[in-house]
There are 2 protein chains.
Amino acid sequence: MDSVPTAPDDRTGRARIRDAALRRFGDDGVDGTSLRVIADDAGVSPALVVHHFGSKAGLVRDCDEHVVATTRRAKQQAMATGAGLDALGSLREAEASRPLLRYLARRLVDHSPQVATLVDELVTDAQAYLATGEDTGMIRPTSDPWGRAAVLTIWSLGALVLHEHVARLLGADLTEDTAGLVAYSRPAVEVLGSGVFTEDIAASLQAAYDDLAQVPAPDASTDQHPPHLTAEPPPGIG
Amino acid sequence: MDSVPTAPDDRTGRARIRDAALRRFGDDGVDGTSLRVIADDAGVSPALVVHHFGSKAGLVRDCDEHVVATTRRAKQQAMATGAGLDALGSLREAEASRPLLRYLARRLVDHSPQVATLVDELVTDAQAYLATGEDTGMIRPTSDPWGRAAVLTIWSLGALVLHEHVARLLGADLTEDTAGLVAYSRPAVEVLGSGVFTEDIAASLQAAYDDLAQVPAPDASTDQHPPHLTAEPPPGIG
DNA sequence: CTTGACGCTGACTAAACGTTCAGCCATAAT
DNA sequence: ATTATGGCTGAACGTTTAGTCAGCGTCAAG
């Protein structure tokens with residue numbers, strides 16, 4: 001109807017509007033941004049925005065899809081080169097992707113089905129990467145591969161969402177420069193390397209949690225796929 | 001002027017309005033909630049909201065202060081009983097604090113000075129707790145106490161902010177029931193216990209990060225206080 | 001030259017928003 | 001009996017919002 005399936009005319013106002021929306025939405029949130037300021041930033045009239053995207057919700061959906069698609073592309077490239085654990089990997093390095101990261105950080109707390117499926121994919125990829133890391137002896141074995149992948153991904157994304165607090169606490173912004181990534185990653189890999197608990201304490205804590213849950217522990221023989229998935233399937237893998 | 005310093009009349013509409021605001025703000029965000037629906041939930045007129053709180057911003061400020069004060073109270077209680085690592089500790093157990101947690105999760109991504117100082121306090125407390133844990137042999141030593149405390153706190157808060165994703169991935173909501181806390185904590189303590197990297201990989205990774213930063217490593221002799229603090233001092237310690 | 005499609009705009013509408021204000025109805029002091 | 005206080009309301013205020021619509025200019029095709 002209103003959306004072009006594969007738009008070849010993306011060098012016109014459409015792209016400018018989406019870029020402006022991405023930046024504004026990332027900085028001030030969706031609700032905190034009016035179509036007027038987006039149109040102003042893009043140098044077009046407010047009417048053109050709705051002409052192209054149907055509505056504000058349509059514009060947000062388009063931004064979601066664009067960010068998710070770009071992230072998927074960067075992800076596949078990262079999987080090839082083996083970036084691995086860092087969920088957003090190579091996406092951080094590109095200067096142009098800074099508004100993209102900020103937008104994603106904002107949208108992670110809203111209810112966006114596209115972003116939700118993206119998170120699910122990130123966890124799945126992390127689990128796969130951790131599994132191959134186990135095989136090559138880089139990663140420790142675990143009794144709960146999915147849970148571990150989920151927790152590590154959530155931590156990584158959580159740090160992105162709270163990047164302003166990270167910047168204040170650690171002195172460098174994750175979405176600004178690579179220095180920020182280093183300032184955050186160094187203490188992170190220290191914890192991820194050897195843990196925080198001493199060995200005996202760790203053992204007793206795990207035993208306590210195994211007691212708390214009815215099942216003694218997630219069995220390795222059990223299907224290690226996610227127990228609860230998003231309803232929606234990945235959209236445009238083709 | 002408009003705000004009562006220590007309100008003794010909090011059993012009237014004031015408390016009902018704030019509770020309704022807390023719940024709505026937590027569910028739909030501040031921008032996504034109108035004074036009208038808050039007034040409706042509280043069973044009062046919209047005019048009474050601004051009569052009590054001066055403006056919508058005043059209501060938000062009151063909510064912030066209430067949540068921060070409640071969290072501080074729960075925190076001190078937790079420090080006494082020794083809950084420790086979990087930043088929000090005993091706050092999770094109370095059924096009544098569920099809207100409070102959701103509100104905090106939402107406000108963590110907005111620019112709220114009160115919440116920012118609360119986060120700083122949580123990191124400081126975590127650092128203190130980790131230090132005593134080191135002394136009693138429960139916690140491993142670290143070259144960067146502040147960084148480790150910051151990262152661990154950010155991870156904990158990040159999981160709270162992304163509680164919907166955690167719920168979808170792990171099958172239980174951190175803000176809903178204690179089962180959610182267990183579902184999340186079990187893989188978390190596994191990672192926090194022994195780490196994810198094998199020993200040699202962890203060592204080489206740390207060496208790589210030490211090379212990346214100019215300074216070889218944060219020296220233990222250096223002042224271990226936060227390098228970047230919030231401008232605002234803690235408000236009402238008295 | 002005419003036609004039609006497309007990118008695009010200015011002027012507009014209706015709704016929702018935060019906020020204001022005059023005043024009601026209690027209770028309590030004078 | 002009168003006055004004052006404070007919780008509280010209904011009706012409106014002006015502003016901002018997303019979305020509509022008729023129509024502009026441009027460019028390629030017939």
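**Note on the protein–DNA contacts**

1. Start with Ser45(B). This is a predicted model, and in it a backbone N or O atom of Ser45(B) sits 2.8 Å from a phosphate oxygen of DNA strand D. Ser45(B) is also among the residues that come nearest to that strand.

2. The neighbours of strand D. There are 18 residues around DNA strand D. Those that come nearest are Leu35(A), Arg36(A), Lys56(A), Ser45(B) and Ala47(B). Of the atoms of DNA strand D that come within 4 Å of the protein, 55% belong to sugar and phosphate.

3. Two contacts from chain A to strand D. A polar backbone atom of Leu35(A) is 3.2 Å from a phosphate oxygen of DNA strand D. Arg36(A) reaches a base instead: an N or O atom in its side chain is 3.5 Å from a base nitrogen of DNA strand D. Check both pairs in the viewer.

4. Which elements build the surface near strand D? Three of them each supply at least two residues. Chain A brings helix H2 (35–42) and helix H3 (46–53). Chain B brings helix H3 (46–53). H3(B) gives the most, with four residues.

5. Residue classes near strand D. The surface near DNA strand D holds eight polar residues, six nonpolar and four charged.

6. Now the neighbours of strand C. Here 17 residues lie around the strand. Ser45(A), Ala47(A), Leu35(B), Arg36(B) and Lys56(B) come nearest to DNA strand C. Sugar and phosphate make up 56% of the atoms of DNA strand C that come within 4 Å of the protein.

7. Phosphate contacts on strand C. A backbone N or O atom of Lys56(B) is 2.8 Å from a phosphate oxygen of DNA strand C. His52(A) uses its side chain: a polar atom there lies 3.4 Å from a phosphate oxygen of DNA strand C.

8. A base contact on strand C. A polar side-chain atom of Arg36(B) is 3.0 Å from a base nitrogen of DNA strand C. Arg36(B) is also listed among the residues that come nearest to this strand.

9. Elements near strand C. Those that give two or more residues to the surface near DNA strand C are H3 of chain A, plus helix H2 (35–42) and H3 of chain B. Which element gives the most to this surface? H3(A) does, with four residues.

10. Residue classes near strand C. The surface near DNA strand C has three charged residues, six nonpolar and eight polar.

Technical notes: Residues are numbered from 1 along each chain as its sequence is written. Chains are lettered from A and ligands numbered from 1 in the order in which they are written. This is a predicted model: local features need pLDDT of at least 70, side-chain atom pairs count only at pLDDT 80 or more; totals for chains, interfaces and linings use all residues. Side-chain values use heavy atoms; hydrogens and water are left out. A residue is near a molecule or strand if one of its heavy atoms lies within 4 Å of it. A polar contact is a pair of N or O atoms within 3.5 Å; within protein, one must be able to donate a hydrogen and the other to accept it, and residues adjacent in sequence count only if both atoms are side-chain atoms. Ala, Val, Leu, Ile, Met, Phe, Trp, Tyr, Cys and Pro count as nonpolar, Asp, Glu, Lys and Arg as charged, and the others, Gly among them, as polar.
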